[in-house]
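Student: Please take a close look at one part of this model, and then set that part in the context of the rest. A formal, connected account would suit me best.

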Amino acid sequence: MTLLCEVMNPRESGAFIAANSKDVSILMENIEPAAQQIYDSMKKKHYSKAKWKEWPLHPKVLSPETVDWIFVVDTLNFSFWLPGEKKFQLEYHNIIYEDYEALCAGINRAIEEGIHITTPSFYKNISLETIKHVFRSCNGTELPLLEERTNNLRQAGEILSSTYNNSFSNFLLKCDQDVTKVIEMVTKNFPSYRDIGIFEDRKVSFYKRVQILIADIWACFEGETFGKFKNIEKITMFADYRVPQALLAYGVISYSENLMRLLQNGDTLNMHSREEMEIRGCSIHVVELLRRSISNIIQHEKSFTAKILDINAVMVDFYLWDFATQNPEKVNEFPEHRTRSTFY
């Protein structure tokens, strides 16, 4: 069969993978009940993009430097898991953080120590030793893929310092507030963001990290200035480890016996293997179905605050990720797939 060369966008990819999936199923009968539960919970918590800045480690000042902070974090935001039960931990201001929070804490600690970790002209030449120092742990662990993280920063720093006046905020201004253009330009300029696989002889994309980069900027700036995008609705969810667990807990996806056995045995899935792409692709598609269902609920309920009326895949993803991390007793009975990857 001839490989079709055009890369499908993440939404198209999710629908295509879901239509041809063998080991991951979408339980359509549970979409509307789950959407209602999610909506009710979002409503109760007054869930909005403003939640992003409520995280203690996220920046609060709205400036070009904050855009650069977000870019560095999302350039390094992947693959925190360690074999077994041990977690990568980092101590900052007498608090111990894990995984993504530890990444943010390490960046903030480095800035306080005078390390210009968010300045492209600095990190284009950053050494592995400096990266190890920035992310030194408090429990004897080491953040995985440190060499890959170092290379990501060097590649990005070289481009931004030489072409975009030493700031990702200048890069962003060239994208005309267009999500599609941001994705195109980021994946073209920064190889570490090109999250593309081959499924059923078609090129499919997931673009987790570039989409979460856009979403983080959008949420941080609450849709204004650097966070103003005229088509934010084009973003899909961010296909990673945690959200599929939440989707399993809500009963909107299920795994075959074979896949469930693999994951329960602790087997890792190869990057862009069929099983791994089915989990991520079906997650993208089912979140799109949930988003549509929630939007329909909102259209028939006029009393709720307008903040939720901008419901999109970003907000549904943020909610599901928070749900998974804040309710371990509900999600930990479902296996989390493990794939060693620089893409998520």
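Tutor: Gln177 is partly exposed in this predicted model. The relative accessible area of Gln177 is 37%, and because buried residues must fall under 20% and exposed ones over 50%, this value belongs to the class in between. Gln177 occupies the loop that joins H8 to H9. The backbone of Gln177 deserves attention as well: phi is near 55°, a positive value in a residue that is not glycine. Most residues other than glycine have a negative phi.

A second example of this backbone feature is Asn166, with phi near 70°, again positive in a residue other than glycine. Asn166 sits in the loop between helix H7, residues 146-163, and helix H8, residues 168-173. H8 thus has Asn166 in the loop that connects it to H7, and Gln177 in the loop that connects it to H9. Asn166 is partly exposed, with a relative accessibility of 25%.

Cys175 offers a contrast in accessibility. At 0% relative accessibility, Cys175 counts as buried. The structure contains 0 disulfides. Cys175 is accordingly in no disulfide, and the nearest cysteine sulfur, that of Cys220, lies 17 Å away. Since a disulfide requires two cysteine sulfur atoms within 2.5 Å, that separation excludes the pair. Another cysteine, Cys282, is also buried, with a relative accessible area of 1%.

From the loop that holds Gln177, the chain leads to H9, which spans residues 179-189 and supplies at least two lining residues to the second largest pocket. H9 in fact gives the most to that lining, with 4 residues. Strand S1 (4-8) and helix H1 (10-19) each supply at least two residues as well. The second largest pocket has a volume of about 290 Å³ and a lining of 14 residues. Nearest its centre lie Asn9, Pro10, Thr180, Ile183 and Tyr207. By class, this lining has 6 nonpolar, 5 polar and 3 charged residues.

The strands S5 and S6 may be considered next. S5 (residues 196-199) and S6 (residues 202-205) pair in the antiparallel sense over 4 bridges, and Phe199 has Arg202 of S6 as its bridge partner. Together the two strands form a hairpin with 2 residues between them. One residue of the turn, Glu200, has a positive phi of about 50°. The side chains alternate along S5: Gly197 and Phe199 point to one face and are buried, whereas Ile196 and Ile198 point to the other face and are not buried.

The largest pocket encloses about 1400 Å³ of space. Its lining comprises 48 residues, and those nearest its centre are Lys87, Asp99, Arg242, Thr325 and Glu336. Five helices each supply at least two lining residues: H4 (99-112), H10 (208-220), H11 (242-249), H12 (257-264) and H14 (313-326). H14 accounts for the largest share, 6 residues. The lining is made up of 18 nonpolar, 12 polar and 18 charged residues.

Two of these helices lead to further details. H4 contains Asn108, which is buried at a relative accessible area of 13%. The side chain of Asn108 makes a polar contact of 2.9 Å with the side chain of Trp69. Tyr100 also belongs to H4 and is buried, with a relative accessible area of 12%. The C-alpha atoms of Tyr100 and Leu76 are 9.4 Å apart, with 24 residues separating the two along the chain. H12, for its part, is followed by a loop leading to helix H13 (274-299), in which Thr268 is found. Like Gln177, which is partly exposed, Thr268 counts as partly exposed, at 46% relative accessibility. The C-alpha atoms of Thr268 and Arg338 are separated by 4.9 Å, although the two residues are 70 residues apart along the chain.

Key: Residues numbered from 1 in each chain as written. Predicted model: local features only at pLDDT ≥ 70, side-chain atom pairs only at ≥ 80, totals over all residues. Heavy atoms only, no water. Buried < 20%, exposed > 50% of the residue type's maximum accessible area, 1.4 Å probe, protein only. 1 Å grid on protein atoms, 1.4 Å probe; cavity = no way out; pocket = protein on both sides within 12 Å on 5 of 7 lines; lining within 4 Å. Points joined across faces, edges and corners; volume = space filled by probe spheres on them. Nonpolar A, V, L, I, M, F, W, Y, C, P; charged D, E, K, R; others polar. Pairing = 2+ DSSP bridges. Polar contact = N/O pair within 3.5 Å; in protein donor to acceptor, adjacent residues only side chain to side chain.
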